[in-house]
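Let's walk through this model together, one packing arrangement at a time. Keep the viewer open as you read.

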Amino acid sequence: MAKLQGFQFWRRTLEGARFVVAPMVDQSELAWRLLSRRHGAQLCYTPMLHAQVFVRDANYRRDNLYNEVCEEDRPLITQFCANDPEVFLQAALLAQDYCDAIDLNLGCPQMIAKRGHYGVFLQDEWELLEKMVRLANEKLSVPITCKIRVFTEVEKTVRYAQMLERAGCQLLTVHGRTKDQKGAMTGIASWEHIKAVRKSVNIPVFANGNIQHLSDVERCIQETGVQGVMSAEGNLHNPALFEGCSPPVWEMAEEYLEVVKQHPPCTLSYVRAHLFKLWHHTLQIHQDLREELAKVKNLQGLADVSKQLRLRCQEEISRGKEEKEDSSLPLPHWICQPYVRPAPKETVANGNGQGSEVKKPLCQKRALEDSDGAADMLSKNKQKKRSRNPNKNFCPEHKPKYIKCEQCGNPKGSKCVFNLCRGCCKKKAYREVADCPSHGLRFKTKAEKKKAEEDERREDVSREEVSQVEVSSTTESRNSSSPQSPPGSGPELQQRS
């Protein structure tokens, strides 16, 4: 059967999916995908998998994909990060029988992606990306899709999308933020960029960014013309987002824990992270249980803490304590609702994608410190450091300026013989069999020691061989020099006489 492409692939294989759960590292695992599907999600992605590790490590393949095969969990797209066409193809070939499509991650903006040279940090290498997508499209039995971030210029973003389409991309997810819009500078996603891409390509497009409620989904589809909408953080805080409802947190938490028990094994850190997201607003009030949730060591312990949070919330409800603890929350803290990051200090161009729900933060995080390092504006971690050292200055201008590593840009070792950071130094020292006392690397010393031990062992063996030869020769010489009794003499002759 011929491989389906473009809109045929979206309509038949993906069943015209409009509500999509994003690929999230350590967060979009099987249990969470099943929970999201129960509450309206029509398509899910696996967490981002590292193609090179997937190829070489059978345990990684088993734990992250093969063991998570489930009939309820379809349609499913497996996402990889990669920067080598052959490695990406090998990983995709190993995964294609367990999913409905393979996605290439071109949108991850985190530092680990920069160090590994993948994700959004490949968006300027169009020749490489075209080769990767084209090769995968030719060799795979399932379609190849891509998830990208936008450039600042709309025209460049459009050309980027068209290049991927020509290479063989059958579905494109566009995150309407740039490479630099992350962390405190996340800002508002530009639906104008997404709309321009949708008009310029002839393949299905999913939009990502600014999705906190079902109304955002409907408005995004109407304004941009995309085929579907992807949610990440909105889904983590409210897995029932695509149903258009906001249930009590404990209902989602208990249902999730039940799914985890039905589909073991599930890494404990994943479950803990999901509970922290679900109970985010409540844990701002009940700090003691926040500490407890961070300390428990097993699934039952996590369930017990979640139960305590439920009982405290229900006690508040029974007392008629309906007033909001945080005036910025539109709903009581025990109701599933989005968390909106504080807006960046500089306004980001946002097109028509901004709405009242997005522009106004619903829950403010602690303020970032000002340049003068005022104590009341420091993070909790820095306040603890200041309590231990009152003279410590957190002003960025007074921080020491580190010399960067020549290869990766991380701070280099101050006394490194290669002028590199420890990671790069270790690789170079290993290749060249050299020492770096600054980083405690002793490859040359160990090699010389090993060689000396081998030489000493060879000398011992040769000495033993020489001594054995000498002993044998001595024995032979003694035997040859001892006088032999003449015939007719000896005890027999004496007895005769």
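Helices α2 and α12 cross in a right-handed sense. In this predicted model, α2 covers residues 30-38, and its axis comes within 9 Å of the axis of α12, with a crossing angle of roughly 130°. An angle of that size falls neither over 145 degrees nor in the range from 65 to 115, and α2 is therefore oblique to α12. If you would like to display the contact, select Ala 31, Trp 32, Leu 34, Leu 35 and Arg 38 on the α2 side. Their partners on α12 are Met 252, Glu 255, Tyr 256, Val 259, Val 260 and Gln 262. Sorted by class, the contact of α2 with α12 has eight nonpolar residues, one polar residue and two charged ones.

From here we can turn to the interior. The largest nonpolar core has 106 residues, and the members that touch the most others are Ile 102, Leu 164 and Leu 172. Helix α12, which spans residues 249-262, is the top contributor to this core, giving eight residues. A second core, of 11 residues, lies apart from the largest one; Cys 405, Phe 418, Leu 420 and Cys 436 are among its members. As background, nonpolar side chains in soluble globular proteins tend to be buried together.

Ile 102 deserves a closer look. Leaving aside residues up to four places away in sequence, the contacts of Ile 102 include Ile 77, Phe 80, Phe 88, Ala 92, Leu 140, Val 142 and Ile 144. Thr 78, Gln 96 and Thr 145 are also among the residues that Ile 102 touches.

Is Thr 145 buried or exposed? Its relative accessibility is 0%, so Thr 145 counts as buried. This threonine sits in strand β6, made up of residues 144-149. With the same sequence neighbours left out, Thr 145 touches Phe 9, Ile 77, Ala 101, Ile 102, Asp 103, Leu 104, Cys 169 and Leu 171.

Now for another helix pair. Helices α13 (residues 268-278) and α15 (residues 287-295) pack with their axes 10 Å apart, at an angle of about 165°. Because angles over 145 degrees count as roughly antiparallel, that description applies to α13 and α15. Their crossing is left-handed. From α13, Arg 272, Leu 275 and Phe 276 meet Arg 290, Leu 293, Ala 294 and Lys 295 of α15. The contact of α13 with α15 has four nonpolar and three charged residues, with no polar ones.

Notes. Residues numbered from 1 in each chain as written. Predicted model: local features only at pLDDT ≥ 70, side-chain atom pairs only at ≥ 80, totals over all residues. Heavy atoms only, no water. Axes fitted to C-alpha atoms, helices over the stretch in contact; angles between N-to-C directions. Helix = DSSP H or I, 4+ residues; strand = E, 2+ residues; numbered from the N terminus. Parallel < 35°, antiparallel > 145°, perpendicular 65-115°, else oblique. Left-handed = near helix turned anticlockwise from the far one by under 90°. Contact = heavy atoms within 4.5 Å. Nonpolar A, V, L, I, M, F, W, Y, C, P; charged D, E, K, R; others polar. Core = buried A, V, L, I, M, F, W, Y, C linked by side-chain atoms within 4.5 Å. Buried < 20%, exposed > 50% of the residue type's maximum accessible area, 1.4 Å probe, protein only.
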